[in-house]
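This report covers one predicted model, with attention to contacts, strand pairing, nonpolar cores and salt bridges. The sequence and structure come first.

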Amino acid sequence: MKKLLLISLLLSILCCKTVEPKTIQNKNNDMENCPDDGVCSIVLLQNKSLNVLSDDLGGLYITLTNNPNTHVFHYQYKRNVPDDVQDGHHVEEVYWEIDNKEKSLTLENESLQEVKMIFGRHCYCKGQAGFFKIKFGKLQLEKIVDDYAVKLHFETKEVPQLLNSVTVLVK
């Protein structure tokens with residue numbers, strides 16, 4: 001009887017399915033503008049809001065909260081690192097938030113802050129890592145049925161960047 005109960009419990013755990021945000025993740029050869037030495041991905045976090053906050057030293061950081069009126073896009077480039085290399089990680093990412101009823105959007109330069117666009121650079125590169133508001137570039141976003149066509153070109157003046165362009169269809 002105990003074995004049957006244990007097997008039943010294990011099967012119920014294995015059969016459970018969690019609901020995750022709408023996501024698309026492609027390798028660099030499937031995603032335009034991804035640097036050749038890594039993998040890029042994009043995630044659409046539905047019903048989330050992006051909060052850009054500042055710490056005591058003036059550094060930026062982000063949090064996500066539930067919001068039924070907005071979606072957050074998260075595009076990430078992650079450099080491939082050999083297993084025997086310490087401190088070789090390098091990640092660059094871009095976040096932005098849209099109203100979930102938005103059908104078409106074009107923003108340039110300072111207007112990119114209307115969607116709270118922020119660039120993150122995370123690496124062992126002293127003084128050249130962290131989050132930075134994006135104030136130079138252009139975002140074009142169009143909703144096509146349930147998909148989003150995204151075209152983004154941007155630059156930061158604060159730190160060097162490998163990632164500066166995103167062209168993707170989020171399905």
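Leu152 is in contact (heavy atoms within 4.5 Å) with Val94, Trp96, Met117, Lys138, Leu139, Asn164, Ser165 and Val166, when its neighbours within four places in sequence are left aside. Leu152 lies in strand S11, where strands are DSSP runs of E of at least two residues, numbered from the N terminus. At 1% relative accessibility, Leu152 counts as buried; buried means under 20% relative accessible area, exposed means over 50%, and partly exposed is in between, for a 1.4 Å probe and protein chains only. One of its contacts, Lys138, is 14 residues away along the chain, and the C-alpha atoms of Leu152 and Lys138 are separated by 5.7 Å. Another, Val166 in S12, stands opposite Leu152.

This is a predicted model, in which local features need pLDDT of at least 70 and side-chain atom pairs count only at pLDDT 80 or more, while totals for chains, interfaces and linings use all residues. Residues are numbered from 1 along each chain as its sequence is written, and side-chain values use heavy atoms, with hydrogens and water left out.

**Sheet and hairpin**

Strand S11 (residues 147-155) and S12 run antiparallel and are joined by six bridges. Two strands pair if DSSP finds at least two bridges between them. S11 and S12 belong to an open sheet of four strands, in the order S7-S10-S11-S12, with antiparallel pairing. S7 and strand S12 (165-170) stand at the edges with a single partner strand each, so one side of each has no neighbour in the sheet. From one strand to the next, the twist averages 5°; the axes behind this value are lines fitted to C-alpha atoms, and angles run from 0 to 180 degrees between N-to-C directions. In a regular strand, side chains alternate between the two faces of the sheet.

S8 and strand S9 (residues 130-133) also run antiparallel, joined by four bridges. Gly120 stands opposite Phe131 in S9. The hairpin of S8 and S9 has six residues between the strands, and in this hairpin Gly127 takes a positive phi near 75°.

**Nonpolar cores**

A nonpolar core is a set of buried Ala, Val, Leu, Ile, Met, Phe, Trp, Tyr and Cys residues joined through side-chain atoms within 4.5 Å. The largest has 30 residues, of which Phe73, Val94, Trp96, Met117, Leu139 and Val150 touch the most other members. Two or more residues of this core come from each of S2, S5, S6, S7, strand S10 (136-144), S11 and S12. S11 gives the most, with four residues.

Which residues does Phe73 touch, not counting those up to four places away in sequence? They are Ile42, Val43, Leu44, Val94, Tyr95, Trp96, Ile98, Leu141, Tyr148, Val150 and Val170. Apart from the largest core lies another, of seven residues, among them Ile62, Val72, Tyr95 and Ile118.

**Salt bridges**

A salt bridge is a side-chain nitrogen of Lys or Arg within 4 Å of a carboxyl oxygen of Asp or Glu. By this rule the count is four. The table includes three of them.

| Salt bridge | N to O distance |
|---|---|
| Arg79 and Asp37 | 3.4 Å |
| Lys116 and Glu97 | 3.3 Å |
| Glu155 and Lys157 | 3.2 Å |

Arg79 lies in strand S5 (residues 70-79) and Asp37 in the loop between strand S1 (23-25) and strand S2 (38-45), so their salt bridge ties together parts that are 42 residues apart in sequence. Arg79 is partly exposed at 29% relative accessibility, and Asp37 is partly exposed with a relative accessible area of 35%.

The pair of Lys116 and Glu97 links distant parts of the chain, 19 residues apart: Lys116 is in the loop between strand S7 (104-108) and strand S8 (118-123), and Glu97 is in strand S6 (residues 90-99). Lys116 is partly exposed, at 28%, whereas Glu97 is buried, at 12%. In the remaining pair of the table, Glu155 counts as partly exposed at 38% relative accessibility and Lys157 as exposed at 56%.

**Asn67**

Asn67 sits in the loop between strand S4 (60-66) and S5. Its side chain reaches the backbone nitrogen of Asn69 at 2.8 Å. Leaving aside neighbours within four places in sequence, Asn67 is in contact with Asn47, Lys48 and Ser49.

Note on methods
Polar contact = N/O pair within 3.5 Å; in protein donor to acceptor, adjacent residues only side chain to side chain.
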